Amino acid sequence: MEFLNDTAASFTLIIIGVVFFALIAIGLIFARLYVRATKEVAFVRTGLGGEKVVKDGGVIVLPVVHETIPVNMNTLRIEVEKTQKDALITKDRMRVDVKADFYLRVAPNAEGISMAAQTLGTRTTRVEEVKKLMESKFVDVLRAVAAEMSMTEMHEQRADFVQKVQQNVANDLEKNGLELESVSLTGFDQTDLEFFNENNAFDAEGRARLAKIIEEKRKETNDIQQENRIKIEQRNLEAEKQSLDVKRSEEEARLNQEQILSFKRQEQKAEIAKQREQKEREEREAMIAKEKAIETAEIEKSKEIETREIAKRQALEQSTIQQQQAVEVAEQVKQIAIAEKSEEESAARAKAAEAEKIKAQKEEEVITVRHLAEANRRKDIEVIDAKKEAEREAVGVTTEAAAKKEASLSTAEAILTEAKASADAKILQAEADEKVLAVEAAGKEALYEAENTLKDEQIDLQKSLAILKVLPELVANAVKPLESIEGIKILQGYGGQSNPVSMGESTSPSMADQVTNAALSYRANAPLVDSLLKELGVVDSQNGSLNDLVNGNSLLNQSLDSTQSSNDLNNS
């Protein structure tokens, strides 16, 4: 039984192992044969079971019995460029350079994928091979659409051009299982003239048209440029005129401003000059007023000084006169009283001698006192010297001070005594002098009284004698200018130029001028002398002059004669 059980178990395990390995083998085979499609790549399986388009899922592809064709589902960009000699010819026989990008893809459906796999095969995965295949179709469509539109329309209506291209190429692409997403016209321009073939009818017509257009445009450009230039020049001219107007306005405004400022400056200068002149005038007036005040003060001061001088001179003269009168009176009194007061003078002299005697006695007394003081001082010194031995250090200084004090007192007493004696002597001398002056004054008074008792004739006589004392001096001063005459000149009196002959050696001033000046000075002083003589009564008070005095016809001479006659009569 156990053997049977063991065999059954082994058989079971073997079966399980075989099944397990069978399952693993089947899984590996299935994984190896299963092909999946992606978003980018779809495929078409052909063979056993017919055609099957796989776009999203997967299928078992058995070797030998099945065949797959991959189809690229990405968008393909095919660039088509036609320029220069290969440029497109438009409706108006122009050549245009065109660059266009065509964006293609396989139609995302079973028919499209099947058609693309059938017509293109695996070339959908190679863009260059698709371009080679489809470029001729694209160029043909571009040329066809360009032939229906002019160059200007193509340029201005690019969207229409692209739309027509898409419409024309769509049918050809469907035949290959493709569809056109979009067309981009990346380049569009007119072809250069050098690529136009002169032997080509289209190029010749286009060249002519292009030349015409260029010339028209050039002419239009030139017209526009000229018009613009003229407009610019006109505008510049207007701007220049406006600028000149502005400058002229500015210049006028500046000139007006300067003129106004100039007027203002002139007015200010005039005002300043006026104020300065007024100020100077006021200063001058103030200076004149000040000078006048000073002059007035000086005049007043001078007047006051002169008044004071006059008063002083008058006072001095009055004082002098009074003094002279007093002296004269005193002299007269003195002369008169000399005799009368001789005894008194003698007595005074005796008193003076007595005073002198007393003075001498006083001086002797002073000498005696001085000698006594000296003796006392020597005595005191001897006493002090005697005391020095006993009281050398205790009372030395005190004693010396006391001694000096006593000596000073003694000296002061001596000086006082001498001063009193001198004062007494001076008092006595003054009393004697007073008495002498009193005697002289009494003499002069008596003399004056005696003179006052004289007759008028005697007084006039004395007056005349006094005038006679000073008369020679007056006459000499009156004729003194004639002394300056240095010579006499003889002048020619018949007109013409005079030729003076000088008798002197000096020529400056001239002799005539000297004579004339001397005569004029003499004549100028003569009235003064005459008036003085008249006032003194020396000559006639009405018609008298210096000549009368010189000729002996004066009242003085007559008075002298009468006095002499009376004296003679009295003597006889």
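How many of the 572 residues of the protein chain count as buried? The share is 21%, where buried means under 20% relative accessible area, exposed means over 50% and partly exposed lies in between, judged with a 1.4 Å probe on protein chains only.

Welcome to a predicted model, in which local features need pLDDT of at least 70, side-chain atom pairs count only at pLDDT 80 or more, and totals for chains, interfaces and linings use all residues. Residues are numbered from 1 along each chain as its sequence is written, and side-chain values use heavy atoms, with hydrogens and water left out.

**View 1. The whole chain, with its twelve helices and nine strands.** Helices (H or I, at least four residues) and strands (E, at least two) are DSSP runs, numbered from the N terminus. Among contacts with a separation of 6 or more, 66% join residues 24 or more positions apart; a contact means heavy atoms within 4.5 Å.

**View 2. The salt bridge between R77 and D101.** Side chains of opposite charge can pair when their charged atoms come close. A salt bridge here is a side-chain nitrogen of Lys or Arg within 4 Å of a carboxyl oxygen of Asp or Glu, and a search of the whole structure finds 17 of them. In this one, the closest N and O atoms of R77 and D101 are 3.4 Å apart. R77 lies in strand β6 and D101 in strand β8, so the pair ties together parts that are 24 residues apart in sequence. R77 is partly exposed at 42% relative accessibility, whereas D101 is buried with a relative accessible area of 8%. Look for E79 as well: R77, E79 and D101 are linked in a network of salt bridges.

**View 3. E179 and R105, a pair that links distant parts of the chain.** The closest N and O atoms of this salt bridge are 2.5 Å apart. E179 sits in strand β9 (residues 178–190) and R105 in strand β8, 74 residues apart. E179 is partly exposed, with a relative accessible area of 26%, and R105 is also partly exposed, at 31% relative accessibility.

**View 4. E251 and R254, partners within helix α6.** These two side chains meet in a salt bridge of 2.1 Å, N to O. The two residues are three apart, about one turn of the helix. E251 is partly exposed, with a relative accessible area of 34%, and R254 is partly exposed too, at 38%.

**View 5. K82, buried yet without a salt bridge.** You will find K82 in strand β6 (residues 76–82). Its nearest side chain of opposite charge, E135, is 4.9 Å away; Lys and Arg count as positive and Asp and Glu as negative, while His and the chain ends are not counted. Leaving aside neighbours within four places in sequence, K82 is in contact with A87, L88, V96, D97, V98, V139 and R143.

**View 6. Two loop residues with positive phi, V64 and R93.** V64 is not a glycine, yet its phi is about 75°. V64 belongs to the loop between β4 (58–60) and β5 (66–72), and counts as exposed at 85% relative accessibility. R93, also a residue other than glycine, has a phi near 65°. R93 lies in the loop between β7 (88–89) and β8 (95–106) and is partly exposed, with a relative accessible area of 29%.

**View 7. The largest pocket, with a volume of about 240 Å³.** On a 1 Å grid over the protein atoms alone, a pocket is an open set of points where a 1.4 Å probe fits, with protein on both sides within 12 Å along at least five of seven lines; lining residues have an atom within 4 Å of a point. Grid points are joined across faces, edges and corners, and a volume is the space filled by probe spheres set on the points. The lining includes K334, I338, K341, E344 and K435. Two or more lining residues come from each of α6 (201–340), α7 (342–390) and α8 (396–452), and α7 gives the most, with five residues. By class, the lining has five nonpolar, no polar and seven charged residues. Here Ala, Val, Leu, Ile, Met, Phe, Trp, Tyr, Cys and Pro count as nonpolar, Asp, Glu, Lys and Arg as charged, and the others, Gly among them, as polar.

**View 8. The second largest pocket, holding about 200 Å³ of space.** Among its lining residues are A348, K351, A355, L428, Q429 and K435. The elements giving two or more residues to this lining are α7 and α8. Its lining has six nonpolar, one polar and five charged residues.
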